Amino acid sequence: MENGNNAAASPEEVRRSPAFGWAARDTSGVLSPFTFSRRKNGENDVTIKILYCGICHSDLHSVKNEWQNSVYPIVPGHEIVGVVTEVGGKVDRFKVGDHAGVGCMVNSCRSCHECTGHQENYCPGMILTYNSTDADGTVTYGGYSDSVVVEEHFAVRFPAGMPLDSGAPLLCAGITVYSPMKRFGFDVPGKHIGVVGLGGLGHVAVKFGKAFGAKVTVISTSPSKRQEAVERLGADAFLVSKDPDEMKAAWGTMDGIINTVSAAHEVTPLLSLLKTFGQMVMVGAPEKPLEIYAFPLLLGGKSIVGSAIGGMKETQEMIDFAAERNVTADIELISMDYVNKAMERVAKADVRYRFVIDIGNTLSAA
């Protein structure tokens with residue numbers, strides 16, 4: 001962003017486009033109207049008028065400073081979808097009027113091994129969509145707002161026919177489960193995948209698993225979710241993880257497991273469900289350390305691995321695949337003035353399965 005005209009400009013001088021959203025000012029996490037500014041559209045940038053933004057559980061962690069890294073005020077939101085209103089002179093993937101989205105990151109170093117390998121999500125210099133500091137020294141603000149300016153490289157093209165509201169959560173929840181499924185070969189037809197947890201991530205994992213042609217078993221502590229998982233979401237089977245007979249019957253049957261649970265839970269019993277050399281991928285983020293015994297890993301060559309979102313090339317691939325196979329999130333569409341109540345419900349897991357804010361129709365009214 002630095003050039004001969006503004007190399008010495010302060011961050012405040014660079015940020016010149018007015019913007020409006022809702023922000024949290026302290027650890028209460030309460031959001032309220034907030035006027036701020038974004039940088040002007042540069043030659044490599046696209047400006048997006050935000051129409052919808054999903055609410056991710058990480059938004060709640062951030063506004064309450066539960067990860068001890070929040071800098072207030074925070075405008076959350078990294079499941080952003082809208083319409084392109086301006087493009088820079090060097091932009092060639094987007095034109096005004098296109099539908100576009102922004103996920104969890106808005107910049108990276110672009111030169112390290114991870115970036116050149118299309119894994120910007122693992123770049124040590126990766127810049128988050130909100131609560132981060134961009135290359136020009138300005139604070140990044142998220143999608144609970146009317147617009148966003150982002151480098152073309154970090155924008156995702158939404159295919160024609162992809163619903164914007166129920167497609168928005170795929171920019172975080174979707175890519176979070178899609179990426180490891182592809183990386184570890186869970187996308188091969190006939191594979192048997194276990195999905196631990198049936199929330200915002202889990203329900204999308206079930207849908208992608210079925211779209212890949214896999215057999216999908218949902219693993220949950222809640223027997224009440226059996227009908228939802230099998231009859232509505234299309235899972236092939238359901239296991240109650242607290243039922244020793246059900247768990248024993250499934251020993252050694254799964255090629256891989258996607259573990260979406262962010263609450264503290266036992267992972268050792270889940271390893272028994274894996275076939276030899278099977279992998280359990282952690283995409284949930286429990287705040288407390290996991291207790292893992294070595295023998296279940298050793299006796300079967302099993303492994304526990306982690307995964308975080310995906311690179312930009314893979315995110316575009318995911319959205320294109322989802323549009324082709326009609327994979328979307330199950331959402332509850334809300335108005336901007338309901339956001340604080342929605343956050344309370346997110347904390348209680350009282351949503352099936354993702355809140356999405358109708359920014360385009362309700363932000364100004366709120």
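## Core, sheet and salt bridges in a predicted model

The largest nonpolar core holds 92 residues, and Ile-55, Tyr-144 and Phe-208 touch the most other members. Helix α6, spanning residues 200–212, supplies the largest share of this core, with seven residues. Another core lies apart from it and has 14 residues. Ala-250, Leu-270, Leu-273 and Met-280 are among them. The model described here is predicted.

The UniProt record, an unreviewed entry, lists residues 29–357 under "domain: Enoyl reductase (ER)". Over this stretch the chain is 25% helix and 26% strand. The C-alpha atoms at the two ends of the stretch are 17 Å apart.

Strands of a sheet pair through backbone hydrogen bonds, and the pairing is either parallel or antiparallel. An open sheet of six strands is found in this model. The strand order is β12-β11-β10-β13-β14-β15, and the pairing is parallel. Strands β12 (237–240) and β15 (303–306) stand at the edges. Each has a single partner strand, so one side of each is left without a neighbour in the sheet. From one strand to the next, the twist averages 20°.

The pairing at the β15 edge can be followed residue by residue. Strand β14 covers residues 274–282 and pairs with β15 in the parallel sense, over four bridges. Within this pairing, Met-280 stands opposite Ile-304 of β15. Met-280 is also one of the members of the 14-residue core. A helix packs on this sheet too. Helix α5, residues 173–183, lies across β10 (192–196), β13 (254–259), β14 and β15. The helix runs at about 155° to β13.

Charged side chains add another set of contacts. Side chains of opposite charge can pair when their charged atoms come close. The structure holds 20 salt bridges.

One of the salt bridges joins Lys-95 and Asp-98, with the closest N and O atoms 3.0 Å apart. The two partners differ in exposure. Lys-95 has a relative accessible area of 54% and is exposed, because the cut-off for exposed is over 50%. Asp-98 has 16% relative accessibility and counts as buried, because buried means under 20%.

A salt bridge also forms within the sheet region. The side chains of Asp-255 and Lys-275 meet at 3.3 Å, N to O. Asp-255 lies in strand β13 and Lys-275 in strand β14, so the pair ties together parts that are 20 residues apart in sequence. Asp-255 counts as buried, at 18% relative accessibility. Lys-275 counts as partly exposed, at 33%.

A further salt bridge connects a strand with a helix. Glu-332 pairs with Arg-345, and the closest N and O atoms are 2.9 Å apart. Glu-332 sits in strand β16 (residues 331–334), whereas Arg-345 sits in helix α12 (residues 339–347). The two residues are 13 residues apart, and the pair links distant parts of the chain. Here the acidic partner, Glu-332, counts as partly exposed, at 27% relative accessibility. Arg-345 is buried, with a relative accessible area of 13%.

Some salt bridges share partners. Lys-207, Glu-228, Arg-232, Asp-330 and Arg-352 are joined in this way into one network.

Methods: Residues are numbered from 1 along each chain as its sequence is written. This is a predicted model: local features need pLDDT of at least 70, side-chain atom pairs count only at pLDDT 80 or more; totals for chains, interfaces and linings use all residues. Side-chain values use heavy atoms; hydrogens and water are left out. A nonpolar core is a set of buried Ala, Val, Leu, Ile, Met, Phe, Trp, Tyr and Cys residues joined through side-chain atoms within 4.5 Å. Buried means under 20% relative accessible area, exposed over 50%, partly exposed in between (1.4 Å probe, protein chains only). Two strands pair if DSSP finds at least two bridges between them. Axes are lines fitted to C-alpha atoms, for helices over the stretch in contact, and angles run from 0 to 180 degrees between N-to-C directions. Contact means heavy atoms within 4.5 Å. UniProt positions are given in the numbering used here, feature names are shortened, and annotations may be inferred rather than shown by experiment. A salt bridge is a side-chain nitrogen of Lys or Arg within 4 Å of a carboxyl oxygen of Asp or Glu.
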